[in-house]
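Got your viewer open and a selection prompt ready? Let's walk through this one stop at a time.

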Amino acid sequence: MNSIRIALSVYRPRLAILSRNLMAQRNQLTQASPPTKRDVSSENHTLNYVHKNLPFSGRVLLVFAHTEIDCKLQELSSLSDLLDLKIEYANDSFEKKGAYLLTEMVSRETALMLASRSISIRYAIEVWYVADSYEDLIANINSHLNPEVRSFLSSNSYSFAIRVSAFAKKLPQDYTLSIVNKLEVLECGGTVNLTSPQLIIQVIEDYGVDPKLAPAKPNRIYIGAMISEGQRRLLDRYSLDRRYFIGNTSLHPEICFLMCNLAKVKKGDVVFDPFVGTGSTLVSCAHLGAYVMGTDIDRKILHGWSKSTRSGQAHRLPDECLRKGLEKYGLGGYYLDLLAADAGRSVWRDGFLCDAILTDPPYGIREGAKKLKRKEKEAYSKDFYRFHQYSLSDLYLDLLRFSAQHLVTGGRVVFCFPCMIGDEANLHALLSCAPPSLRYVTQCSKVFGGNAIRFIICMEKVISDGELAREPTGKLFAAVNRPSLEKAEKLNTFRAKYFSQDKPTNI
């Protein structure tokens, strides 16, 4: 029996029960108090004794991790909106591949909440001084250091460590030791503790963004107190090497957490993935406290019946599936369900709503994009439907239509989209064909496979459910204009162009 008839006949009662349970849960969450900042952070951070006794300077330096994904400011904007944080910074002062962003915040708690959720930030530093040379830095400390800060530093009621780091340049150990010796001017009276200090005095040297063009001396020097680290350690915890259930196209955890932050996923949300595969996006959502569910046309991957993708392992383990993978992380309580269904033929009721849709559809490179199509002029049989190729333009238009119908107002859909360098205009044409209830928010990108780009697109539903119901179906789901649709259909040549490169690499 083919999967579309399984979805319609076997799962229909299950779908009805699941939809009712989800709507009841949503009503309960809606009537409850609105989510607090504690509910939307990845981990609950608190200020220690030192931070509570030091005056706040108001300036915070965000130090970003070195990554090929250009999504730093996009993530910062989404998290500021989600956490209701007031952060001021100059857009034009941040270089695309830069690692430092100087901001103004109202309190340390603002930086703490941001760092407790961001996957792009390595750490946040409260800036005391910014100088062009160490001579100027020492002079400023001697003459302008806050008396309250100086009084606290001279006490013996804390432990501390001094760290020196730089971006785009490796600093020799003897050089960093000489910088630490120069900072004796701070007259720290606390106990030195290099492993778990209460106060980390951080010195940052800015040499620009290109290691090949790094000058002999830093362009800028920052000094201040470490407030908090970001969430980069989650990349090791949820590494694909540690994952219980993976596949050929399992998405890297960094991309998954970025998608979660762009979608503003929070505790208690219901998140749906229509091309779930091995569920990489849903693992990250469950870590943030969201309830997860999804569909996929491939029953074998959902049940763990497919061949193992691990080296030296011929077959998957009997219980190797997404549910068991979540239980291994202690997240089994956030698992709702997975269904074998065709994303091009929705089996969901009109009343089914979710808070966010996150997905990485198949591109036809390592996994084929498929949908079910009825055979013409043939009697009913078990092979009444067959798998057919699912063009990229049809796949993404179906995804956008589904999002317009099943997202709550204010909910976001975040999805990955591949295209070749030079074909970006075709992608924009596809987005212009989206239903009018969806508003483009932002995008970020990463180059892969030579001349190919993976875009991460974020769109938000802006029309209320009542207004959506009153829209004529033709107006709601029709393309904006035929020329845009024809231009978008040129994206269907992605697979052929990708393999026509001289040295294609895997996604």
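What follows is a short tour, from the whole chain down to single residues.

**Start with everything selected**

Before you zoom in, keep in mind that this is a predicted model. Colour by pLDDT to begin with: the chain averages 80, and 75% of the residues score at least 70. Switch to a cartoon and you'll have 20 helices and 17 strands to look at. The chain runs to 507 residues, and 54% of them count as buried. If you like contact maps, here's a number for yours: take the contacts between residues at least 6 apart in sequence, and 76% of them join residues at least 24 apart.

Now for the places to treat with care. Select residues 379-384, where pLDDT stays under 50; the model still has 12 contacts beyond four places in sequence for that stretch. Then select 470-482, another run with pLDDT under 50, this one with 17 contacts beyond four places in sequence.

**Stop 1: a helix pair**

Select 72-83 and 253-262, which are helix 5 and helix 11. How do their axes meet? They come within 8 Å and cross at roughly 45°. An angle between 35 and 65 degrees is neither roughly parallel nor roughly perpendicular, so helix 5 and helix 11 are oblique to each other. Show side chains next: helix 5 brings Gln-74, Glu-75, Ser-78 and Leu-79 to the contact, while helix 11 brings Leu-258, Asn-261 and Leu-262. By character, that set splits into three nonpolar residues, three polar and one charged.

On the helix 5 side, a general point about helices helps with the spacing: an α-helix has 3.6 residues a turn, so residues three or four places apart point the same way.

**Stop 2: Gln-74**

Stay in helix 5 and centre on Gln-74. Buried or exposed? Its relative accessibility is 17%, under the 20% cut-off, so Gln-74 counts as buried. Draw a distance from a polar atom of its side chain to the backbone oxygen of Asp-70 and you'll get 3.5 Å. Now expand the selection to what Gln-74 touches, skipping residues up to four places away in sequence: you'll pick up Leu-262, Thr-442, Gln-443 and Cys-444. Leu-262 should ring a bell, as it's part of the helix 11 side of the contact you just left.

**Stop 3: the end of helix 11 and beyond**

Follow the chain on from helix 11 to Lys-264, in the loop that leads to strand 9 (270-273). What is odd about its phi? Lys-264 has a positive value of about 60° although it is not a glycine. For context, most residues other than glycine have a negative phi. Lys-264 has a relative accessible area of 17%, so it is buried as well.

For a second case, jump to Glu-187, in the loop between helix 9 and strand 6 (191-192). Glu-187 isn't a glycine either, yet its phi is positive, at about 55°.

**Stop 4: helix 12**

Select 280-287. Why call helix 12 largely enclosed by the rest of the structure? Because eight of its eight residues are buried. Tick them off as you go: Ser-280, Thr-281, Leu-282, Val-283, Ser-284, Cys-285, Ala-286 and His-287. Just after helix 12 comes Gly-289, with a positive phi of about 90°.

**Stop 5: Asp-296**

Move on to strand 10 (residues 291-296) and pick Asp-296. At 12% relative accessible area, Asp-296 is buried. Which backbone atom sits by its side chain? The nitrogen of Gly-277 is 2.9 Å from one of the side chain's polar atoms. Gly-277 is also one of the contacts of Asp-296 beyond four places in sequence, a list that includes Pro-274, Phe-275, Val-276, Ile-301, Leu-302, Leu-339, Ala-340 and Ala-341.

**Stop 6: two alanines**

Find Ala-168 in the loop between strand 5 (159-167) and helix 9 (173-182). With 18% relative accessibility, Ala-168 counts as buried. Its contacts, neighbours within four places aside, are Gly-208, Val-209, Asp-210, Pro-211 and Ala-214. Asp-210 is 42 residues away along the chain, but the two C-alpha atoms are separated by 6.1 Å.

Finish on Ala-139 in helix 7 (residues 134-144). Ala-139 is partly exposed, at 40% relative accessible area. As a last distance to draw, its C-alpha atom is 9.6 Å from that of Val-185, 46 residues apart along the chain.

How values were computed:
Residues are numbered from 1 along each chain as its sequence is written. Side-chain values use heavy atoms; hydrogens and water are left out. Axes are lines fitted to C-alpha atoms, for helices over the stretch in contact, and angles run from 0 to 180 degrees between N-to-C directions. Helices (H or I, at least four residues) and strands (E, at least two) are DSSP runs, numbered from the N terminus. Angles under 35 degrees count as roughly parallel, over 145 as roughly antiparallel, 65 to 115 as roughly perpendicular and the rest as oblique. Contact means heavy atoms within 4.5 Å. Ala, Val, Leu, Ile, Met, Phe, Trp, Tyr, Cys and Pro count as nonpolar, Asp, Glu, Lys and Arg as charged, and the others, Gly among them, as polar. pLDDT is the predictor's confidence in each residue, from 0 to 100. Buried means under 20% relative accessible area, exposed over 50%, partly exposed in between (1.4 Å probe, protein chains only). A polar contact is a pair of N or O atoms within 3.5 Å; within protein, one must be able to donate a hydrogen and the other to accept it, and residues adjacent in sequence count only if both atoms are side-chain atoms.
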